[in-house]
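User: I am new to this structure and would like to understand why certain labels are attached to certain parts. Could you take me through them with care?

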Amino acid sequence: MDRSRTDRGGVTVGPERSGLLEGVPGVAKTTLAQSFARASGLAYTRVQMTPDLLPADITGTSVYRSQTGEFQLQKGPIFANLVVADEINRATPKTQSALLEAMEEGHVTIEGETLALPDPFVVIATQNPIEMEGTFELPEAQRDRFLLKLTVDIPDRDEERRVLDRFNDAPELDAESVEQVVDTETLTAAREVVSDVHVADSVREYVLDLVAATRDHPDVEHGGSMRASLGLLNVAKARAAIHGREYVIPDDVKALARAVLLHRLVLTADAELSDVSPASVIDDVLADVTPPGGDSETELAAATEMADVEESATDGGSVE
């Protein structure tokens with residue numbers, strides 16, 4: 001079992017519950033999130049975040065039923081396996097904070113009653129980085145709850161031409177036409193496979209060194225949190241499993257460092273005035289921090305086998 005996660009009320013909690021998609025309007029951020037939900041077979045809801053949205057509109061509230069003379073709990077759209085929070089930065093900070101408990105703890109509290117959310121539970125939020133009128137920037141504490149931030153860029157000309165060709169041939173193509181390829185049971189089994197991926201001590205030290213370097217960088221006021229370290233470790237394990245490996249190599253960490261750390265860095269005022277970007281800081285960190293010497297797959301595989309032998313001996317098994 002992955003020790004970075006604990007079980008509370010039957011729901012596995014941890015830093016793996018959310019992702020942030022950022023991009024200019026018209027690059028299919030919402031369609032991408034909905035397509036993922038359709039392909040994974042997860043029950044999903046879409047919440048259009050607006051300034052007049054209230055926390056109860058997301059979590060739910062008690063509604064008086066005149067027929068029975070009693071209050072009945074009306075659950076909000078947060079009670080789904082996958083929640084798409086569209087244009088999250090258009091909601092007020094009060095409403096944004098309604099997602100904090102759900103994203104971190106896997107449950108919500110409605111009028112003093114704590115209710116567990118479905119498992120698995122994932123929040124995918126989208127935001128527009130260029131339109132600031134009528135928006136509320138996500139505070140650092142909220143951004144830190146997102147495991148990954150992925151930037152959806154405008155495609156290059158060849159890619160955009162392929163999109164035009166596909167929609168010309170199939171004008172009805174949308175998220176609803178995406179076929180389901182996995183089910184909840186498969187996703188649960190995959191999560192267990194990821195939790196069993198081995199991480200050598202040297203690779204864990206590499207994760208710690210990278211996150212620590214963001215805190216010490218001269219252009220950074222606040223670097224990656226401990227949640228960032230856990231997130232980077234977990235996504236590296238997931239990448240290793242996707243590539244058919246039972247162990248993590250430094251390249252797994254490098255490949256996902258930007259997505260995990262990009263939205264967590266708070267730059268100094270001087271750095272912002274000098275047009276320094278969080279991405280350039282992460283590139284500096286990756287260039288300056290030396291990966292472990294034994295970063296070849298052969299050496300790490302040997303380390304994994306040795307760890308398995310030691311675990312077997314600790315559990316009372318015999319080693320010949």
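**Reading the labels**

Analyst: Strand β10 (residues 122-127) is largely enclosed by the rest of the structure, because 5 of its 6 residues are buried. This is a predicted model, in which local features need pLDDT of at least 70 and side-chain atom pairs count only at pLDDT 80 or more, while totals for chains, interfaces and linings use all residues. Residues are numbered from 1 along each chain as its sequence is written, and side-chain values use heavy atoms, with hydrogens and water left out.

User: What makes a run of residues a strand, and what makes two strands a pair with β10?

Analyst: Strands (E, at least two residues) and helices (H or I, at least four) are DSSP runs, numbered from the N terminus, and two strands pair if DSSP finds at least two bridges between them. Strand β3 (residues 18-22) pairs with β10 in the parallel sense over 5 bridges, with L21 standing opposite T126 of β10. Strand β7 (residues 82-86) also pairs with β10 in the parallel sense, over 4 bridges, and there V122 in β10 is the bridge partner of L82.

User: Why is V47 called buried?

Analyst: Buried means under 20% relative accessible area, exposed means over 50%, and partly exposed lies in between (1.4 Å probe, protein chains only). V47 has a relative accessible area of 9%, and is therefore buried. V47 belongs to strand β4 (residues 44-48), and, C-alpha to C-alpha, V47 and D86 are 6.0 Å apart in space although 39 residues apart in sequence.

User: Is D156 buried, exposed or partly exposed, and how do you know that?

Analyst: With a relative accessible area of 43%, D156 falls between the two cut-offs and is therefore partly exposed. D156 sits in the loop between β11 (148-151) and α6 (157-169).

User: What makes E111 and D275 stand out in their phi values?

Analyst: Most residues other than glycine have a negative phi, and most peptide bonds are trans. E111, which is not a glycine, has a positive phi of about 50 degrees, and D275, also a residue other than glycine, has a positive phi near 60 degrees. E111 lies in the loop between β8 (107-110) and β9, and its relative accessible area of 61% makes it exposed. D275 lies in the loop between α11 (269-273) and α12 (278-288), and is exposed at 71%.

User: Which residues does a cis peptide bond join?

Analyst: A cis peptide bond joins D119 and P120, with omega about 5 degrees, and P120 is placed in the loop between β9 (113-116) and β10.
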